[in-house]
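Welcome! Here is a short briefing to help you find your way around a structure you have not met before. Please take a look at the sequence and the model first.

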Amino acid sequence: QWDGWRTLDELPHSFNPASGHVASANRNPARMRRLDEVFSTTRTFDLERFKQMQHDVVATNAGRLVPLLARVRSDRDEVERARLQVLGWDRRMAIDSEPATIYAAWEHRLLRLMAARRLDAALVDEFVSRAGGAVMAALLAPSRTWFDGEVVGARDRLIAEAFAGAVGDLRRTGGPLDTGRAWGQRHRTTFRHVLGVKSSAAGRFNLGPFATAGYGDTLMATDGPKFEVTTGPSFGAVYDVRTWDRSVAQNATGQSCSPASPHYGDLATLWAAGDYFPLSFSDQAVQANAESTLTLVPGEHQRYLTR
């Protein structure tokens with residue numbers, strides 16, 4: 001709620017930080033923590049290491065929340081089995097991970113139940129989306145600001161309630177917990193065309209669905225309602241500033257807007273697999289890798305020559 005202009009010094013900034021790196025990650029605390037971890041534990045970075053960083057799916061939130069599950073138990077076999085799965089999980093939101101699905105459902109429910117203790121229902125979702133880090137901190141260090149009575153016990157009861165609720169949600173939407181629970185079967189990306197609304201046209205215009213790793217708080221930030229991915233990094237690149245022709249990129253979905261073209265969705269499968277294509281820079285590299293050349297010839301009638 002402000003009017004006027006902000007000076008550069010008032011904006012978030014960093015100058016010659018002692019850490020040796022500058023990161024933004026849209027000011028997301030979980031992603032910032034992961035960037036700090038990677039930069040502080042890795043001294044040499046090459047093309048392959050930066051590719052791995054762009055597809056890093058370690059959930060630092062899970063590293064903080066999951067240990068709290070060791071404090072609770074459930075008398076329901078299904079819930080207890082799921083709790084033990086998550087406790088033994090490697091904290092990676094990988095497409096073949098079943099615990100990742102359980103964790104995502106639990107974190108979603110837990111943060112919202114927490115916020116609902118003090119906020120009107122209409123404000124909960126927006127508050128969590130904007131201040132999820134504050135809610136997380138309140139769970140890790142419970143106080144009377146958020147909990148009544150004996151605060152640690154109240155926090156643990158909330159954790160147990162949220163986990164049991166998450167398991168119930170998953171059961172209602174997909175059968176037994178131990179079948180069909182891999183994260184990539186739930187967390188999928190479909191590139192939807194404006195003309196692909198009806199089922200008769202969807203197969204021609206839409207691309208996907210593609211199993212997608214990560215979630216909103218990993219370096220590979222992929223997010224959306226009810227596990228459907230609607231936001232994420234459609235373009236990614238790693239530039240080698242010493243030898244520009246070694247640079248690589250990703251760019252979903254393709255290089256043509258015509259569904260009839262073989263290039264309409266030729267980059268979508270690369271994107272979904274986490275693969276890259278060469279980003280030719282010099283004229284020599286461009287000529288060597290060109291499949292065809294489109295020439296626009298001005299005249300009374302426009303002509304398009306392709307070779």
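A good place to begin is the pair D125 and R112, whose side chains are joined by a polar contact of 3.0 Å. Please keep in mind that this is a predicted model. From that contact, the tour goes on to a pair of helices, a pocket and a few points along the backbone.

**Around D125**

- D125 belongs to helix α6, which covers residues 121-140.
- Its partner in the 3.0 Å polar contact is R112, and the contact runs from side chain to side chain.
- You can also use D125 as a landmark for distance: its C-alpha atom is separated by 28 Å from that of V194, a residue 69 positions away along the chain.

**Two helices that cross**

- Which helices come within 8 Å of each other, axis to axis? They are α5 (residues 98-116) and α7 (residues 151-174), and their axes cross at roughly 130°.
- Why are α5 and α7 called oblique? Angles over 145 degrees count as roughly antiparallel and those from 65 to 115 as roughly perpendicular, so α5 and α7, crossing at roughly 130°, are oblique to each other.
- The crossing of α5 past α7 is right-handed.

**The second largest pocket**

- If you look for the second largest pocket, expect a volume of about 650 Å³.
- How many residues line the second largest pocket? The lining has 15 residues, and those nearest the centre are Q255, H263, N289, A290 and E291.
- Two elements, β6 (277-278) and α11 (283-289), each give two or more residues to this lining.
- Sorted by character, the lining residues of the second largest pocket are six nonpolar, eight polar and one charged.

**Backbone details worth a look**

- The peptide bond leading from G208 to P209 is cis, and its omega is near 5°. P209 sits in strand β2, which spans residues 207-211.
- Another cis peptide bond links A252 to T253, with omega at about 10°. T253 is placed in the loop that runs between β5 (248-251) and α10 (268-273).
- What is the sign of phi at N26, positive or negative? Phi of N26 is positive, near 55°, although N26 is a residue other than glycine. You will find N26 in the segment before α1 (29-41).

Technical notes:
Residues numbered from 1 in each chain as written. Predicted model: local features only at pLDDT ≥ 70, side-chain atom pairs only at ≥ 80, totals over all residues. Heavy atoms only, no water. 1 Å grid on protein atoms, 1.4 Å probe; cavity = no way out; pocket = protein on both sides within 12 Å on 5 of 7 lines; lining within 4 Å. Points joined across faces, edges and corners; volume = space filled by probe spheres on them. Helix = DSSP H or I, 4+ residues; strand = E, 2+ residues; numbered from the N terminus. Nonpolar A, V, L, I, M, F, W, Y, C, P; charged D, E, K, R; others polar. Polar contact = N/O pair within 3.5 Å; in protein donor to acceptor, adjacent residues only side chain to side chain. Axes fitted to C-alpha atoms, helices over the stretch in contact; angles between N-to-C directions. Parallel < 35°, antiparallel > 145°, perpendicular 65-115°, else oblique. Left-handed = near helix turned anticlockwise from the far one by under 90°.
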